[in-house]
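Please open the model in your viewer and keep the selection tool at hand. The stops below are meant to be taken in order.

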Amino acid sequence: MEVNGVSMSFLLDTGVEDSILFSLDETDEVRFSQVEKIKIKGLGSNNSFEGFKSNHNKVSINTYTDLNHAIYLVLDQNINISAQVGFPVNGIIGYHFFENNLVKINYANKKITVYNTTSKALKGIKKHFVEQPIELIQNKPYITCQAYFEDEYKPVATKLLLDTGNSDALWFFKQSDDKIVIPKSNIDDYLGRGFSGDVFGKRGKIKALQINNFKFSNPLASFPDTLSTTNVDKNIGRGGSIGSDIIRRFTLVLDYKSNRVYLKKNSQFDDPFNINMSGIEIQHKGLQWISEGYEENPTINNNFYNSNGDKMANNFKYKFELKPIYVITSIRKNSPGDSAGLQKEDVIVKIDGKNGYNFSLQQINELLKSEEGKIVEFEIERKGKIMKFKIQLKDVLE
C-alpha cells in the first residue's frame, strides 16, 4: 500500500487497533504531519517504549483510499517482524482498514477483496457462508468458541481475539479462567515476539475447538506465561486468541459495521496441526551478495571452435544477486536440534545439501514441521568455521 505517496508493505492484522510503522527503506522519504511523542506498551516482557503518533495521513491500497489515517511510528530495529516472516514488512495495519469496509480474506487464493457495495455483496455471501457474531471491544474482534481442554465432551465457552497477525493456531491465557487447562503433554517453548519483548510459555494440543458448526480435533495451543501477558486487558473477559493457523483454513468476510464474520472452509481446512519438530527457531537476518553462473545465448552442446580447430570457451558469465541470510535465533532445550549440537547464532549455509539462501523462511518452517522421523541435514557457519549436523524430527506432543 502507499503511505503519503510512498509504496510500502504492511501486515493486515485484526489483532491491533492502530496502524504502526516500524521500518523504512533507506531510500524512502515519507512526510508525516502533526507528530506527537507517546509511550507504547504491548504483549511481551519488557517495559513501555517511546514512539510517535501522526494524524491526517493518506493511505491508498489499489482503489481504496483513506485521507485521514493515524499512524504510530516506532522506528526501532528491535521491533521488526521482517526477520520473523522472511520478507520486508514496513508496518501493520489493523482496525481502521476494516471499520468502514466489508473485507473478504481468501487465504487459498491469496487475495483480499474490499467491497464498495455492501448490501449487494452480502446477499451472495449469506448464501454460501456461515454467519458468526463477533464482539468489537477496544476496536478488536472477539468471538466466543467452545474449547475442549481435558474432556472432549465438556466444552468451555471462551472469548478469543480473532487475530490474523498471530501465526499460531490458538493462544490461551491460563490466568484469565481456571477452566483453561494446560494439556498434560506439553513443552516449554519460545512463542514469539511481541511489541514489548519475547514471549515464552508452553505448547500442547487440546482435545478440540469448535467455532459455530466447525470443529477442529487436537489443535495446537500455546499458553504464554503470566509475565508476558501482564499487559492484556483482563476486564473484558478475554481468554486468548485464534491465530492464522486456524483462520487460514477459512475464507472469511469481516463486517465490523454489523458485528459479524462470515466463514466458509477452504481446501486447507483438514490440514494437520504440526509443531516444529526440530526445536530450532530460524529467522531472516539480512541479505548477502551471491554470485551465480549463467550462460548468455547458450547453444546446443556449446560447440564453438576457432580457426585452428580448438574449442573455444562458452559464453559463461556471472551475475550477483541479493539472497537472504538465515540464522538460528533460539533452541528448545532437549530438542533434536539441541541434542545434535546446533547453537543459537549459527548461520545456515545449506539444508539437505541445498544452499540455504534458495529457501524461503516459510519453506524452512514447513520442512521442520513436515514428517516425524525425517532426517534433516544442516551445514552451518559458526565463528568462521563450517560444521555439519543431522537432526531427526520428533513430535514431542504425541
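What follows is a tour of an internal cavity, one asparagine and several salt bridges in a predicted model.

**The cavity**

Begin inside the protein, where the structure holds one cavity of 30 Å³ or more, and where the largest cavity encloses about 70 Å³ of space. To display its lining, select Ile143, Leu162, Ile211, Ile242, Ile246, Ile247, Phe250, Leu252, Val261 and Leu263. Colouring this selection by residue class gives 10 nonpolar residues, with no polar and no charged ones among the lining. If you then switch to a cartoon view, look for α4 (244-247), β22 (250-255) and β23 (260-265), each of which supplies at least two residues of that lining.

**Arg260 and Glu131**

Stay on strand β23 and select Arg260, which forms a salt bridge with Glu131, the closest N and O atoms being 2.6 Å apart. This pair links distant parts of the chain, since Glu131 belongs to strand β11 (residues 130-133) and the partners are 129 residues apart. Arg260 is partly exposed at a relative accessible area of 26%, and Glu131 is likewise partly exposed, at 36%.

**Glu135 and Lys159**

Next select Glu135 together with Lys159, a salt bridge whose closest N and O atoms are 3.3 Å apart. Here the connection runs between strand β12 (residues 135-137), which holds Glu135, and strand β14 (residues 156-162), which holds Lys159, with their positions 24 residues apart in the numbering. Glu135 counts as partly exposed at 38% relative accessibility, whereas Lys159 is buried, with a relative accessible area of 19%.

**Asp189, Arg203 and their network**

Move on to Asp189 and Arg203, which form a salt bridge with the closest N and O atoms 2.8 Å apart. Asp189 lies in strand β16 (residues 186-194) and Arg203 in strand β17 (residues 197-205). Are these two residues buried or exposed? Asp189 counts as buried at 10% relative accessibility, and Arg203 counts as buried at 8%. Extend the selection to Asp168 and Arg332, which are linked with Asp189 and Arg203 in a network of salt bridges. The structure as a whole holds 12 salt bridges.

**Asn106**

Finish at Asn106, which is placed in strand β9 (residues 102-106) and counts as buried, with 14% relative accessibility. Its side chain reaches the backbone nitrogen of Ala108 at 3.2 Å. When neighbours within four places in sequence are left aside, Asn106 is in contact with Lys111 and Thr251.

Definitions and conventions:
Residues are numbered from 1 along each chain as its sequence is written. This is a predicted model: local features need pLDDT of at least 70, side-chain atom pairs count only at pLDDT 80 or more; totals for chains, interfaces and linings use all residues. Side-chain values use heavy atoms; hydrogens and water are left out. On a 1 Å grid over the protein atoms alone, a cavity is a set of points where a 1.4 Å probe fits but cannot get out, and a pocket is an open set with protein on both sides within 12 Å along at least five of seven lines; lining residues have an atom within 4 Å of a point. Grid points are joined across faces, edges and corners, and a volume is the space filled by probe spheres set on the points. Helices (H or I, at least four residues) and strands (E, at least two) are DSSP runs, numbered from the N terminus. Ala, Val, Leu, Ile, Met, Phe, Trp, Tyr, Cys and Pro count as nonpolar, Asp, Glu, Lys and Arg as charged, and the others, Gly among them, as polar. Buried means under 20% relative accessible area, exposed over 50%, partly exposed in between (1.4 Å probe, protein chains only). A polar contact is a pair of N or O atoms within 3.5 Å; within protein, one must be able to donate a hydrogen and the other to accept it, and residues adjacent in sequence count only if both atoms are side-chain atoms. Contact means heavy atoms within 4.5 Å. A salt bridge is a side-chain nitrogen of Lys or Arg within 4 Å of a carboxyl oxygen of Asp or Glu.
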